[in-house]
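Open the structure in a viewer and keep the sequence panel beside it. Each stop below gives a selection to make and then says what is there.

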Amino acid sequence: MVKADRENKVKREKCKMVKNEVEKFDESIIRDRIYSIRGFQVMLDRDLAELYGVETKRINEAVKRNIERFPQSFCFSLNIKEMQNLKSQFATSSWGGKRKKNTAFTEQGVAMLAGVLKSETAVKISIMIIEAFVAMRKFIQANGQIFQRLDRVEVKLLENDQKFEKVFDALESKDRIPEQGIFFEGQVFDAYNFVSDLFRKAEKSIVIVDNYVDDTVLLHLTKIKKDVQVKIVTKSLSDQFRLDISKFEDQYFHIEVKASKDIHDRFIIIDGEVLYHLGASLKDLGKKLFGFTKMDKAGLKLIEKIK
């Protein structure tokens, strides 16, 4: 009689301990650990082990011992991509470093696991987990149309995001030429590259107004598009520059050259529509500090004066 009372007391204490363990976990803790992988709602072995109060390896050992009870629809090992996707959702360091692949358990897998573990705590927790699975499934079914609408909205937002990205990429593109700025002394290559990019933008014509132009401008002109007409307006033409142009034309294309003493500043006119004012001659780019400014439409009036 005393022995029976002692055994009943042990059972009551054990049940009380199990009840206390179960009460530690509310539905939200379980719900937050249910993931959607391969079209299944699943829980990971590491999370189940924590809820059951056992080591993860014990769960995997139980599966191996009863492998015939755990088909692919009950549990499966995550692949590398699935592991990486899960890791990206966590900021904790527990996912860092090398880890064995986690095992995912479906609702049926959780129910079977409770049976093979033969633990009262596992049974109680598994009941809560299955109830959470059922509640989640009902919620998804009841709100299926809403989720479909949200998916369509998400796709639309994604399309808009991609369009915005294209706009921002275009604005931030390296091919975009600044409208104004300053080059400091020593920025020889940057200034040279700026002018080359400007010339490459021309589709129909380039007019260069520079009283001190020399053969350095010809190097820029080797990079322009085919059939772009080029005109150079300068104060005077030296014999050397005439020879340079002649040699250039033998290999590339004709350049119209005009002498004029009516213009003091330096300009580049692109396609008869865009005018850039330069604070330095093309032959002196980057040798001293100078500024540049884009002057839309004003180039048309200037062209009329220098024809």
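Select Asp215, which at 40% relative accessibility counts as partly exposed. The classes depend on relative accessible area: buried is under 20%, exposed is over 50%, and partly exposed is in between, with a 1.4 Å probe and protein chains only. Asp215 sits in the loop between strand 6 (205-209) and helix 10 (216-221). Helices (H or I, at least four residues) and strands (E, at least two) are DSSP runs, numbered from the N terminus.

This is a predicted model, in which local features need pLDDT of at least 70 and side-chain atom pairs count only at pLDDT 80 or more, while totals for chains, interfaces and linings use all residues. Residues are numbered from 1 along each chain as its sequence is written, and side-chain values use heavy atoms, with hydrogens and water left out.

Stay on Asp215 and add its contacts, where contact means heavy atoms within 4.5 Å. Leaving aside residues up to four places away in sequence, Asp215 touches Phe241 and Asp244. Then pick Arg242: its C-alpha atom is separated from that of Asp215 by 9.5 Å, and the two are 27 residues apart along the chain.

Next, go to Phe189, in helix 9 (residues 188-200). Is Phe189 buried or exposed? At 57% relative accessibility, Phe189 counts as exposed. Draw a C-alpha to C-alpha distance from Phe189 to Leu285: the two are 8.4 Å apart in space and 96 residues apart in sequence.

Zoom out to the whole protein chain. Its secondary structure comes to 12 helices and 11 strands. Of its 307 residues, 36% are buried. Among contacts with a separation of 6 or more, 68% are between residues 24 or more positions apart.

Now select strand 1 (35-37) and strand 3 (75-77), the edge strands of a sheet, each of which pairs on one side only. Two strands pair if DSSP finds at least two bridges between them. The sheet is open, has 4 strands in the order 1-2-4-3, and its pairing is antiparallel. From one strand to the next, the twist averages 45 degrees. Add strand 2 (residues 40-44), which runs antiparallel to strand 1 and is joined to it by 3 bridges. Within this pair, Ser36 stands opposite Gln41 in strand 2.

Which strands does helix 3 lie across? Select helix 3 (residues 45-52): it lies across strand 1, strand 2 and strand 4 (103-105), and runs at about 60 degrees to strand 2. Axes here are lines fitted to C-alpha atoms, for helices over the stretch in contact, and angles run from 0 to 180 degrees between N-to-C directions.

Helix 3 is largely enclosed by the rest of the structure, because 6 of its 8 residues are buried. These are Asp45, Asp47, Leu48, Ala49, Leu51 and Tyr52. Just after helix 3, Gly53 takes a positive phi of about 80 degrees.

Add helix 4 (residues 56-65), whose axis comes within 8 Å of that of helix 3, the two crossing at roughly 110 degrees. Helix 3 and helix 4 are therefore roughly perpendicular to each other; that class covers 65 to 115 degrees, with angles under 35 counted as roughly parallel, over 145 as roughly antiparallel and the rest as oblique. To see where they meet, show Asp45, Arg46, Leu48, Ala49 and Tyr52 in helix 3 with Thr56, Ile59 and Asn60 in helix 4.

Move to Thr106, in the loop between strand 4 and helix 6. At 1% relative accessibility, Thr106 counts as buried. Not counting residues up to four places away in sequence, Thr106 touches Phe40, Gln41, Val42, Ser73, Phe74, Phe76 and Phe133. Continue into helix 6 (residues 107-117), where the buried residues are Glu107, Gly109, Val110, Leu113, Ala114, Val116 and Leu117. Lys118, just after helix 6, takes a positive phi of about 55 degrees.

For the last stop, select strand 9 (residues 266-270) and strand 10 (residues 274-278), which run antiparallel and are joined by 5 bridges. The two strands form a hairpin with 3 residues between them, and Asp271 in the turn has a positive phi of about 55 degrees. Across the pair, Ile268 stands opposite Tyr276 in strand 10.
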